Amino acid sequence: MESLRITLEQSEIPTHWYNVVADMPNPPLPPLGPDHQPVSPEQMGVIFPPAILEQEMSAERWIPIPEPVREVYRLWRPTPLIRARRLEEVLATPARIYYKYEGVSPAGSHKPNTAVPQAFYNQQAGIKRITTETGAGQWGCSMAFAGQMFGLEVRVYMVKISYQQKPFRRSMMQTWGAEVFASPSNMTQTGRDLLAKDPENQGSLGIAISEAVEEAASRADTSYALGSVLNHVALHQTIIGQEARKQFEKAGDWPDVIFAPCGGGSSFAGVAFPFIADNAAGGRNGKPTRLVAVEPSSCPTLTKGCYAYDFGDASGFTPLMKMYTLGHDFMPPGIHAGGLRYHGDSPLVSQLYHEGLLEAVAVTQLATFEAGVMFARAEGIIPAPESNHAIRAAIDEAQRCRQSGEARTIFFNLTGHGHFDMAAYDRYFAGELEDFEYPAEAIRASLEHLPKIG
């Protein structure tokens, strides 16, 4: 019988994270402070511990994974690489489809891959509390879990629309001991100011980040933790792609194309970055792997945004980062893929995309749920709405293979399960979801507020 699950032993959990900076054609552009000069480590040290700052600025190719972190990783890693044979049959495609299933983690997504090391490094630095934000709740759950593993208090500012849509994510965070507040909240000046202007403000990741950063900067015992965008987050997530490379070698196959959902960029970076070194050397057998970020058409950062310096949050507390952005005060619609409702993208993902080493596509909400249901009925796993974006792109590629007769190997990152997203599926089945193509004029208006640099 053919084995559809390619697994690794726990002894094969990577011992190092891969830092893509070492293989980039050009050095990353630095974050800038209010004076538009590169931010110093001392400035960043107000909200981050030293080890995290060192990783954020490192150009070393391999960063050791501390043993206490690997010990917690052992609760769910290595994650399986699975051949989607039943989906292939449904699609009648000659393509081979594989997915890396990150939903086996305690929090049900890929996010603990970075939450655990961030909690560890903060605990080592003597920090007692963590503030953070979350959209769909996967990151908030992951940070709550990681805080419990290393004895840290965790406070989560959850985007209000997701706070209302996903109550059981809140329950998960509280089960692991975290406090959860709908953002914008009355807990911070940022939140109070926004609620004074609009009491019905649905929130955004940019706003939630502002609230979490504001609180962390005001207390010496508190650090801020971010679940996407920054270099150290992308670094930690590369454990996904590293495992996948070993698993493909074990399977005797290699991906022609990789798809992953992309909001801030952590899940895409995690699966794609480890293949960039192969591509830089000409690819396997002289054929580079296509690396495709898949984003929602309602928040089309890479495909319709501007490559510019912008704030990572809505209020301008964070340093300025060079990234593809829709403008830091961009207010995305309340789609159910809450983890992808972010105005900007990882500076590393953005620079690599700008330099032509990555691709990006945008897909509509209804098409992603159609793909998620098709996948669930073939493979059994109900995916998170974020993951449905990668599944949609993978299915589209497989259908192109059916038309062309090409037997490509398609690989996507199934970032998490959708067990706490069933209200979104209910609305899809009831015909209550709709597509939303963000108007070009609204994007132009938001981009007019970009900081003026040099």
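In this predicted model, the largest pocket holds about 470 Å³ of space. Its lining is made up of 30 residues. Pro-31, Glu-56, Leu-230, Asn-231 and Met-321 lie nearest the centre of this pocket. Helix H2 (50-57), strand E13 (320-325) and helix H15 each give two or more residues to the lining. The largest share comes from H15, with three residues. By class, the lining of the largest pocket comprises 23 nonpolar, five polar and two charged residues.

The second largest pocket encloses about 270 Å³ of space. It is lined by 16 residues, and the closest to its centre are Pro-34, Gln-43, Phe-317, Thr-318 and Pro-319. The elements that give two or more residues here are helix H1 (41-44) and helix H10 (205-217). The lining of the second largest pocket divides into 12 nonpolar and four polar residues. No charged residue takes part in this lining, whereas the lining of the largest pocket includes two.

Closed spaces were examined next. A search of the whole structure finds four cavities of 30 Å³ or more. The second largest cavity contains about 60 Å³ of space. Among its 13 lining residues, Asn-19, Val-21, Asn-231, Leu-235 and Leu-348 are the closest to the centre. H2 and helix H11 (231-237) are the elements that give two or more residues to the lining of this cavity. H11 provides the largest share, four residues. The lining of the second largest cavity has seven nonpolar residues, five polar residues and one charged residue.

Some elements and residues recur in these linings. H2 gives two or more residues to the lining of the largest pocket and also to that of the second largest cavity. Asn-231 is among the residues nearest the centre of the largest pocket and is also among those closest to the centre of the second largest cavity.

H15 also takes part in helix packing. Helix H13 (residues 266-280) packs with H15 (residues 347-354) at an angle of about 50 degrees. The axes of H13 and H15 are 11 Å apart. An angle of about 50 degrees is neither under 35 degrees nor within 65 to 115, so H13 and H15 are oblique to each other. Their crossing is left-handed. On the H13 side, the contact involves Phe-268, Ala-269, Phe-273 and Ile-276. On the H15 side, Leu-348, Val-349 and Leu-352 take part. The residues of this contact divide into seven nonpolar, no polar and no charged. Leu-348 thus appears in two settings: in the contact with H13 and among the residues closest to the centre of the second largest cavity.

A second helix pair is formed by H6 (residues 138-149) and H8 (residues 167-175). Their axes are 8 Å apart, and the packing angle is about 10 degrees. H6 is therefore roughly parallel to H8. H6 contributes Gln-138, Gly-140, Cys-141 and Ala-144 to the contact. H8 contributes Arg-169, Met-172 and Met-173. The residues of this contact comprise four nonpolar, two polar and one charged. The contact of H13 with H15, by contrast, has no polar and no charged residues.

Methods
Residues are numbered from 1 along each chain as its sequence is written. This is a predicted model: local features need pLDDT of at least 70, side-chain atom pairs count only at pLDDT 80 or more; totals for chains, interfaces and linings use all residues. Side-chain values use heavy atoms; hydrogens and water are left out. Axes are lines fitted to C-alpha atoms, for helices over the stretch in contact, and angles run from 0 to 180 degrees between N-to-C directions. Angles under 35 degrees count as roughly parallel, over 145 as roughly antiparallel, 65 to 115 as roughly perpendicular and the rest as oblique. A crossing is left-handed if the near helix is turned anticlockwise from the far one by less than a right angle, and right-handed if clockwise. Contact means heavy atoms within 4.5 Å. Ala, Val, Leu, Ile, Met, Phe, Trp, Tyr, Cys and Pro count as nonpolar, Asp, Glu, Lys and Arg as charged, and the others, Gly among them, as polar. On a 1 Å grid over the protein atoms alone, a cavity is a set of points where a 1.4 Å probe fits but cannot get out, and a pocket is an open set with protein on both sides within 12 Å along at least five of seven lines; lining residues have an atom within 4 Å of a point. Grid points are joined across faces, edges and corners, and a volume is the space filled by probe spheres set on the points.
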